Amino acid sequence: EIRNLGKVGSTLGLAETEINKIHTELSSKVFQDRVDAMLAQGKMMDQDRVAELQALRQQLALPEEEAKKIIEDKLRTWVENRRDDIRNKTTNSLDDIRQLRDMGQDPKSVLRLSSRQQIYRDEVKALVQADQATAEDKTKLEAIRTECDLSETEAVEIEQQLARESAKAHLLNAVASVRQGNRAAV
């Protein structure tokens, strides 16, 4: 349809500058819609997406500067919205931290310390199920601590608190078993 614009414009008696302006507006709209569709998938621009947009830009005969401006504007808005979505979530995850980093955002500036501590706490609980951490678990925890931007002291406090909670839960279960006459469970 965009290709036929020149013929239609001539038939309507439009000047070449008017036809070019309409062509650029239509091409821009098609290009914007494609960028929006890509970003709606929740991923940043990778090489494949950039190559696809470059091919579309050439097919639409959209000026490179115009395409670059569209991508930058759409990407900036997408990053701002995604960052705000992550910031406003009631519960965050390690994936949120990774997504912020992928978007070039500093998780420390987006997420409160208490949110990052809770993420670490959740990851520790998920990783250390059997009350004992293996060397591999400890390596993973160190990487997670770094991703959460927590100091070693903050991480150790969380780990000790979880250990105390676990010990308390075991003690309560043992006492309940004894009271029920089930000494074998202790």
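# A guided tour of a nine-helix chain

The protein chain exposes about 12,500 Å², and carbon and sulfur atoms supply 49% of that area. The model on display is predicted.

**Begin with the whole chain.** Colour the protein chain by secondary structure: nine helices and zero strands should appear. Followed along the sequence, the pattern reads α-α-α-α-α-α-α-α-α. Of the 186 residues in the protein chain, 27% are buried. Among contacts with a separation of 6 or more, 54% are between residues 24 or more positions apart.

**Select the nonpolar core.** In soluble globular proteins, nonpolar side chains tend to be buried together. Here the largest nonpolar core has 30 residues, and the members that touch the most others are F31, V35, L111, Y120 and C148. Two or more residues each come from α2 (16-40), α3 (47-60), α4, α5, α7, α8 and α9 (152-179). Which helix gives the most to this core? That helix is α4, with five residues.

Next, select C148 and display its surroundings. Setting aside neighbours within four places in sequence, C148 is in contact with L94, I97, R116, I119 and Y120. Two of these partners, L94 and I97, reappear at the next stop, among the buried residues of helix α5.

**Select helix α5, residues 94-102.** The buried residues of this helix are L94, D96, I97 and L100. Why do they lie on the same side of α5? They cover an arc of only 160° around the axis, which puts them on the same side of the helix. On the other side of α5, D95 and D102 are exposed. To see what covers the buried residues, add further helices to the display, including α4 (64-88), α6 (107-110), α7 (113-127) and α8 (135-147). Just after α5, select G104, which takes a positive phi of about 80°.

**Examine the charged residues of α5.** Show the side chains of R82 and D96. These two residues form a salt bridge, and their closest N and O atoms are 3.8 Å apart. The pair links distant parts of the chain, with R82 in helix α4 and D96 in helix α5, 14 residues apart. Is D96 buried or exposed? D96 counts as buried because its relative accessibility is 3%, below the 20% limit for that class.

Now select R98 and D95, whose side chains meet in a salt bridge at 3.9 Å, N to O. Both residues belong to helix α5, three residues apart, about one turn of the helix. R98 is partly exposed, with a relative accessible area of 37%, whereas D95, at 52% relative accessibility, counts as exposed.

**Move to R83 in helix α4.** R83 is located in helix α4. Show its side chain together with that of Q105: a polar contact of 3.5 Å joins the two. Not counting residues up to four places away in sequence, R83 touches L100, M103, Q105 and V110. L100 was met above as one of the buried residues of α5.

**Select R121 and E165.** A search of the whole structure finds 15 salt bridges. One of them is formed by R121 with E165, the closest N and O atoms being 2.6 Å apart. R121 lies in helix α7 and E165 in helix α9, so the pair ties together parts that are 44 residues apart in sequence. R121 is buried, with a relative accessible area of 13%, while E165 is partly exposed at 33%. Then select K69, D73 and R76, which salt bridges with shared partners join into one network.

**Finish at two loops.** Select A61, in the loop between α3 and α4. Phi of A61 is near 55°, a positive value in a residue other than glycine. A61 is exposed, with a relative accessible area of 52%. The last stop is D149, in the loop between α8 and α9. What is phi at D149? Phi of D149 is positive, about 55°, although D149 is not a glycine. D149 is partly exposed, with a relative accessible area of 23%.

Key: Residues numbered from 1 in each chain as written. Predicted model: local features only at pLDDT ≥ 70, side-chain atom pairs only at ≥ 80, totals over all residues. Heavy atoms only, no water. Buried < 20%, exposed > 50% of the residue type's maximum accessible area, 1.4 Å probe, protein only. Helix = DSSP H or I, 4+ residues; strand = E, 2+ residues; numbered from the N terminus. Arc of directions from axis to C-beta. Contact = heavy atoms within 4.5 Å. Core = buried A, V, L, I, M, F, W, Y, C linked by side-chain atoms within 4.5 Å. Polar contact = N/O pair within 3.5 Å; in protein donor to acceptor, adjacent residues only side chain to side chain. Areas by Shrake-Rupley, 256 points an atom, 1.4 Å probe, with all protein chains shown as cover. Salt bridge = Lys/Arg side-chain N within 4 Å of Asp/Glu carboxyl O.
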